[in-house]
Structure formats: structure tokens, C-alpha cells
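Biologist: I should like a close look at a single part of this model, namely the surroundings of the ligand. Please describe it in one connected account, and set it beside what the database record annotates.

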Amino acid sequence: MSTYKYQRVLLKLSGEALMGDQAFGIDPKVPQRLAEEIKPVWEDGVQVAVVVGGGNIFRGIQGAAAGMDRAQGDNMGMLATVINALSLQDCFERNGMDCRVMSAIEMHQVCETYIRRRAIRHLEKGRIVIFAAGTGNPYFTTDTAAALRACEIGAEVLMKATKVDGIYDADPVTHPEATKFDTITYKEVLARDLKVMDATATALCHDNKMPIMVFDMGQDGVFMSALAGENVGTTVIE
Ligand code: UDP
């Protein structure tokens, strides 16, 4: 336990990350890899909460682009995150990890409803908590849900898993000369319009001094290294 810098963390996983090499949906290999990454630190007593996105199944903005009512589409997007959360829970439990799903939209036949104090209690009892259905409101994103839940549960850091190993001054895929930041301020992220998280999520973290660590979850052992305080990506701070 003492080897870790953080004792309570919120991990944001995008829905797209669950697709693996598929074009849609969930590649079962991905939840399994995530379980294997998270299990050792969870066993060491680090309290882990997860917010999962839904972009691998549905995004409200895509529905709106096709003529759909935006709020209706966003409701579908939030339900997509519940599907992902249940899939992760199933995998975590098959790996012997205690886990609860808490949804911002009430659906008590399939999972618990989000209640902040209950979520904290689950974490204290050593259960992984997966927050589903985003914030429960249309026009928001699961990045904002991650920022909100991180603040609510008193997480020490919001860890945003991406396909890139940090924040660069330009897209490293199209600009190989791009340089990576070790740290960067919230203000600079917003001023440079760096696509770390959406502006609402970044502003919420800024207002509440919630550090955001951006890293590539694809590297083996990276979650443990990050929690131990190694500089595995970029940290957004004041
Ligand atoms: N969504 C929403 N309110 C929220 C969170 C999510 O309406 O608080 C909807 C929105 O339509 C979004 C979709 O759920 O496009 C999936 O979430 P997101 O796009 O954030 O998932 P990710 O990109 O992380 O896979």
C-alpha cells in the first residue's frame, strides 16, 4: 500500500477502448486485459472507481447528425454506457474482483442507483465501483461524468486512459515531431484547445483542483506504474 502514491483513483475508460480491433461493440479480450491491469493494485488496497463511456455503441451527437432528437440520442448513449459497465462487471467478477455498478439513471433490476455515500462505502469495503449512465443528463459526456464523480468521491486523481501515451503539442500520429508534456496546466489545455477532455470536464477539474493523468492503458503494467507515481503520461495540474 505504501508503495502507491494514490489510494483512491477514478479511471476513465472510453467506450471505444472496449472495441479492441472490432468496428463496434465489445471485444471480450479488452475487459479481460483491463481486469488483469487493475487486479494487482486493487489487491494491494488501492480504491478503484471506473467511469466507462459508450462511444463503441452509440453517441447522441451521431444520432442528432442523422436527424434524431439530441436528448433522445443522448439517452441512448447513456444506456450504452450501462451495457459496457455490465460487461466490465461480469469480467471483473470472473477474475475474482468484487465490483458494483452504480447507474445515474435508475434501473434497479440490473444495477444499483448512484448514491454518493454508498459509492464511497463500497470503495472503503474494497469493492471496485463502476459508474454507469454518465451524469444522467443529456448534453454531457462521460468525461464530464468522470470529472464529477472523481470530485464527489474524493478521488486523488482522474486517470484518463487513451490510445496515446500523454498530451502532445500536436497530434503525434500526423505530426511525428510533436513533443509530449510531462505536466501542463488546465488553462493551457483550454487555451491551446488540446483535445484531452471536453471543456466542461476540464473546467470542472480545474475548479476543484482535480489532477488529470492522461496515459496509454495499452502498455502492460502501466496502471500500477502510474499509481506508484511514475511519470507514464502527462498530468494536468494548476
Ligand atoms: N451521455 C450523456 N450524458 C452523460 C454522459 C454521456 O448524454 O452524462 C451520452 C452522450 O450521447 C454520449 C454517449 O452517452 O455521446 C456516450 O458517452 P461518451 O461519448 O462520453 O463515451 P466515450 O467517448 O467515452 O466512449
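Modeller: A term is needed at the outset: a helix here is a DSSP run of H or I with at least four residues, and helices are numbered from the N terminus. The model itself is predicted.

The shell around the ligand comprises 24 residues, of which G53, G55, G60, G77 and G134 come nearest. Three elements each give two or more residues to this shell: α2 (60-65), α3 (70-94) and α5 (142-153). Among the contributors, α3 gives the most, with six residues. By residue class, the shell divides into 14 polar, six nonpolar and four charged residues; glycine is counted among the polar ones.

Of the contributing helices, α5 may be described further. Its twelve residues reach 16 Å from the first C-alpha to the last, close to the 16 Å expected at 1.5 Å a residue. The helix is mostly covered, as ten of its twelve residues are buried. The buried positions are T142, D143, T144, A145, A146, A147, L148, R149, A150 and I153. After α5 comes G154, whose phi is positive, near 70°.

The record can now be considered. In an unreviewed UniProt entry, the annotation "binding site" covers K12, L13, S14, G15, G55, R59, T162, Y168 and D171. These positions span 160 residues in sequence and their farthest two C-alpha atoms are 25.9 Å apart, so they do not all gather at one spot. One of the annotated residues, G55, is also among those that come nearest to the ligand.

Two further annotated residues merit individual description. R59 is found in the loop between β2 (47-52) and α2. R59 counts as buried because 20 other C-beta atoms lie within 10 Å, and the threshold for that class is 20 or more. T162, by contrast, belongs to a strand, β6 (residues 157-162). T162 is likewise buried, because it has 22 C-beta neighbours inside 10 Å. Once neighbours within four places in sequence are left aside, T162 is in contact with V214 and D216.

The annotated Y168 leads to one more residue. Y168 is in contact with K180, as are G166, I167 and T234, again leaving aside the neighbours of K180 within four places in sequence. K180 is located in strand β8 (residues 180-181). K180 is partly exposed, because 15 other C-beta atoms lie within 10 Å. Its C-alpha atom is separated by 38 Å from that of K125, 55 residues apart along the chain.

Note on methods
Residues are numbered from 1 along each chain as its sequence is written. This is a predicted model: local features need pLDDT of at least 70, side-chain atom pairs count only at pLDDT 80 or more; totals for chains, interfaces and linings use all residues. A residue is near a molecule or strand if its C-beta atom, placed from the backbone, lies within 6 Å of it. The expected span of a helix is 1.5 Å times one less than its number of residues. UniProt positions are given in the numbering used here, feature names are shortened, and annotations may be inferred rather than shown by experiment. Two residues are in contact if their C-beta atoms, placed from the backbone, lie within 7 Å.
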